[in-house]
Amino acid sequence: MTGQEIIDYCMKKQGVYSECPFGPEPICARVERRIFAEVFSTRPWVTLKCEPMQGLVWREQYPGAVGRGWHCPAVHKPYNNTVILDGTVPDAVLLQMMDHSYERALNRLPKAARARVNESAERDDRASAAKGIIMGK
């Protein structure tokens, strides 16, 4: 996957927006205020949140392609993986990593923020269902 494909995938998730809070890069995908993906345009890699044990599994499965979050303070390194986008990690696994990162960020939101994200998802589902009825699907 390319950095742009990663951004496109992340932006399809509920409640996600992007911004560049640290300068021109990385491009950060956020749910509410939580960053769950950092995509670099000048370097072929992405940093994603992870549960520490799952992050370790991915680092062991793909040595050299998946490592602890390179930019993170030492205390945060176990909670982030940086993935080199050189094709070593299959796209299907990269999608799992992004889903895991999004869920991790979403679950760390305060209850009210999670409710806003879930509420907007339910509205979108109802709108899609209504559109299907109108379109005769």
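This is a stop-by-stop tour of the model, with something to select at each stop.

**Before you click**

You're looking at a predicted model, where local features need pLDDT of at least 70 and side-chain atom pairs count only at pLDDT 80 or more, while totals for chains, interfaces and linings use all residues. Residues are numbered from 1 along each chain as its sequence is written, and side-chain values use heavy atoms, with hydrogens and water left out.

**Stop 1: the whole chain**

Switch to cartoon. The protein has four helices and six strands; helices (H or I, at least four residues) and strands (E, at least two) are DSSP runs, numbered from the N terminus. Reading from the N terminus, the elements go α-β-β-β-β-α-β-β-α-α. Of the 137 residues, 36% count as buried, where buried means under 20% relative accessible area, exposed over 50%, and partly exposed in between, using a 1.4 Å probe and protein chains only. Among contacts (heavy atoms within 4.5 Å) between residues at least 6 apart in sequence, 49% join residues at least 24 apart.

**Stop 2: the sheet**

Now colour the strands. They form an open sheet of six in the order S1-S2-S3-S4-S6-S5, with antiparallel pairing; two strands pair if DSSP finds at least two bridges between them. S1 and S5 (66-68) stand at the edges, each with a single partner strand, so one side of each has no neighbour in the sheet. On average, neighbouring strands are turned by 25° against each other, direction ignored. Then add helix H3, residues 91-107: this helix packs on the sheet, touching S1, S2, S3, S4, S5 and S6, and its direction makes about 40° with that of S4. For these angles, axes are lines fitted to C-alpha atoms (for helices, over the stretch in contact), and values run from 0 to 180 degrees between N-to-C directions.

**Stop 3: strand S4**

Select residues 45-49. Four of the five residues of S4 are buried, so this strand is largely enclosed by the rest of the structure. On one side, three bridges tie S4 to S3 (residues 34-39), antiparallel; look for Glu38, whose bridge partner in S4 is Thr47. S3 and S4 make a hairpin with five residues between them. Next, bring in S6 (residues 80-84): five bridges join S4 to S6, again running antiparallel. Here Val46 has Val83 as its bridge partner.

**Stop 4: two backbone oddities**

Most residues other than glycine have a negative phi, and most peptide bonds are trans. With that in mind, zoom to Glu25 and Pro26, which are joined by a cis peptide bond with omega about 0°. Pro26 sits in the loop between S1 (16-19) and S2 (27-31). Move on to Glu32, in the loop between S2 and S3. Glu32 isn't a glycine, yet its phi is positive, about 55°. Glu32 is also partly exposed, at 22% relative accessible area.

**Stop 5: Ile7 in helix H1**

Show Ile7 as sticks; you'll find this residue in H1 (residues 3-11). Is Ile7 buried or exposed? At 14% relative accessibility, Ile7 counts as buried. Leaving aside neighbours within four places in sequence, Ile7 is in contact with Ile27 and Val39. Try a distance label too: the C-alpha atoms of Ile7 and Ala37 are 8.4 Å apart, although 30 residues separate them along the chain.

**Stop 6: Pro78**

Go to the loop between S5 and S6 and pick Pro78. Not counting residues up to four places away in sequence, Pro78 touches Cys50, Pro52, Arg59 and Arg68. With Arg68, 10 residues away along the chain, the C-alpha separation is 6.2 Å.

**Stop 7: the cavity**

Finish inside. A cavity here is a set of points, on a 1 Å grid over the protein atoms alone, where a 1.4 Å probe fits but cannot get out; lining residues have an atom within 4 Å of a point. There is one cavity of 30 Å³ or more. The largest cavity has a volume of about 40 Å³, with volume being the space filled by probe spheres set on the points, which are joined across faces, edges and corners. To see the lining, select Met1, Ile84, Leu85, Asp86, Gly87, Thr88, Val89, Asp91 and Leu94. These lining residues divide into five nonpolar, two polar and two charged, with Ala, Val, Leu, Ile, Met, Phe, Trp, Tyr, Cys and Pro taken as nonpolar, Asp, Glu, Lys and Arg as charged, and the others, Gly among them, as polar.

Definitions and conventions
On a 1 Å grid over the protein atoms alone, a cavity is a set of points where a 1.4 Å probe fits but cannot get out, and a pocket is an open set with protein on both sides within 12 Å along at least five of seven lines; lining residues have an atom within 4 Å of a point.
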